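Here are some short exercises to work through with the model open on your screen. Try each task before you read the solution below it.

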Amino acid sequence: MHILIADAFDAKLPERLAPFGAVSSDLATLGQAHVLLVRSKTKVDADLVAKAPNLKLVIRGGVGMDNVDKKLCTEKGIKAVNTPRASSVAVAEMAMAFMVAIPARLIEAHTSMKDGKFLKSELKRTELFKKTLGLIGAGAIASEVAKRAQAFGMEVIAFDPYLKEHAIARLVSLDELAAKADVISLHTPLTDETRGMVNAALIAKMKDGVILINTGRGKCVVETELAAALQSGKVRAYGTDVWPSDPPPADCPLLSAPNIFMAPHIGASSKENLGRIGDEVVLILQDFKA
Ligand code: NAD
């Protein structure tokens with residue numbers, strides 16, 4: 001069996017996969033590959049599949065399958081799976097990092113001191129204690145965020161039309177969430193329903209000065225409308241790990257918007273998570289017969 005590791009996985013993974021067959025990270029061996037491992041960078045589309053006549057299994061290390069054409073894989077008899085549970089803690093910690101750093105003004109404090117400024121009286125902070133966190137999507141990652149936010153003394157509410165109950169969050173309508181939340185954190189997959197769901201109409205229903213955090217998918221927000229809300233101050237800040245594409249186009253209006261705090265899609269890329277993704281890949285290969 002030939003296993004091709006196309007994207008960045010744990011450095012120890014090739015050694016762990018060696019008992020299953022020949023392991024390579026050389027994309028030139030795509031034609032020989034029976035198993036292809038991707039994360040977000042490599043797109044499993046018609047072009048790639050046409051160059052991989054022996055391909056039987058695609059493993060996407062991570063939660064979403066946005067970069068894998070699952071319909072095409074099914075048509076070609078290629079099994080396509082992901083590692084849905086490994087990343088929950090890593091991404092939840094990323095959302096918490098934004099949630100703590102933004103009201104604490106930590107990023108402005110650091111960059112202004114680097115610029116030789118001492119903005120002790122200018123940088124007014126706010127606390128998370130007794131504030132309301134609104135989760136849009138209340139699955140595995142959001143649940144880890146909810147636990148952590150509770151430890152900060154936040155009230156946690158959530159909108160998730162596919163859940164009847166939640167262990168921590170009080171489930172509410174999207175309108176109630178928008179009206180009550182001081183911080184809103186996005187945790188949905190990208191679907192026809194969620195694409196562009198954070199638009200001018202929803203933002204208008206939010207509290208003035210709301211903080212928005214997105215570790216879900218970049219296309220769940222309408223960039224121009226969110227950039228306008230950052231410009232007007234309606235949205236006080238946007239902390240995002242996710243983009244319409246990796247990297248975003250240079251003319252993405254959010255890149256130049258005020259009070260945006262950015263990360264280059266690294267939510268799932270903790271050292272520990274890459275190890276857990278590796279554990280799930282090993283289990284998948286143990287069950288797979290080439
Ligand atoms: P999950 O499947 O456990 O949870 C997703 C939740 O969203 C589900 O409970 C579902 O009912 C809910 N949902 C679906 N449609 C909705 C809608 N229209 N409105 C509100 N809720 C809706 O998935 P998860 O593991 O928690 O991951 C959530 C998302 O996070 C992924 O789909 C992916 O887009 C993103 N993600 C990002 C990174 C990163 O690196 N930043 C890493 C992993 C996952």
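A residue counts as near the ligand if one of its heavy atoms lies within 4 Å of it. Keep in mind that this is a predicted model.

**Exercise 1. The ligand's surroundings**

Task: Find which residues come nearest to the ligand, and which polar atoms lie close to its oxygen atoms.

Solution:
- Step 1. Start with the 25 residues around the ligand; those that come nearest are A140, I141, D160, T215 and D241.
- Step 2. Look at the side chain of D160: one of its polar atoms is 2.6 Å from a ligand oxygen atom.
- Step 3. Turn to the backbone. At A268, a polar backbone atom lies 3.4 Å from an oxygen atom of the ligand. At T188, the distance from a backbone N or O atom to a ligand oxygen is 3.5 Å.
- Step 4. Now consider the surface of the ligand. On its own the ligand exposes 870 Å², and the protein buries 87% of that area.

**Exercise 2. Reading a sheet**

Task: Work out the strand order of the open five-stranded sheet, and say which strands form its edges.

Solution:
- Step 1. Follow the strands across the sheet: the order is 2-1-3-4-5, and the pairing is parallel.
- Step 2. Strand 2 (22–24) and strand 5 (79–82) each pair on one side only, and these are the edge strands.
- Step 3. Neighbouring strands are turned against each other by 15° on average, ignoring direction.
- Step 4. Zoom in on strand 1 (residues 2–5), which pairs with strand 2 over three bridges. Here I3 has V23 as its bridge partner in strand 2.
- Step 5. Add helix 10 (residues 271–287), which packs on the sheet and touches strand 1, strand 3 (35–38), strand 4 (57–60) and strand 5. The direction of helix 10 makes about 160° with that of strand 4.

**Exercise 3. Two domains**

Task: Divide the chain into its assigned domains and describe how they meet.

Solution:
- Step 1. The assignment gives domain 1 as 2–86 + 271–287, and domain 2 as 88–262.
- Step 2. The domain centres, taken over C-alpha atoms, are 31 Å apart.
- Step 3. Across the boundary, eight residues of domain 1 contact seven residues of domain 2.

**Exercise 4. Unusual backbone geometry**

Task: Explain why R105 and the bond between D246 and P247 deserve a second look.

Solution:
- Step 1. Recall that most peptide bonds are trans and that most residues other than glycine have a negative phi.
- Step 2. R105 is not a glycine, yet its phi is positive, about 60°. R105 sits in the loop between helix 4 (88–101) and helix 5 (106–114).
- Step 3. The peptide bond joining D246 and P247 is cis, with omega about -10°. P247 belongs to the loop between strand 11 (235–240) and strand 12 (260–262).

Terms used: Residues are numbered from 1 along each chain as its sequence is written. This is a predicted model: local features need pLDDT of at least 70, side-chain atom pairs count only at pLDDT 80 or more; totals for chains, interfaces and linings use all residues. Side-chain values use heavy atoms; hydrogens and water are left out. Two strands pair if DSSP finds at least two bridges between them. Helices (H or I, at least four residues) and strands (E, at least two) are DSSP runs, numbered from the N terminus. Axes are lines fitted to C-alpha atoms, for helices over the stretch in contact, and angles run from 0 to 180 degrees between N-to-C directions. Contact means heavy atoms within 4.5 Å. A polar contact is a pair of N or O atoms within 3.5 Å; within protein, one must be able to donate a hydrogen and the other to accept it, and residues adjacent in sequence count only if both atoms are side-chain atoms. Accessible areas come from the Shrake-Rupley method with a 1.4 Å probe; for residues, only the protein chains shown count as cover. Domain bounds come from an automatic or database domain assignment.
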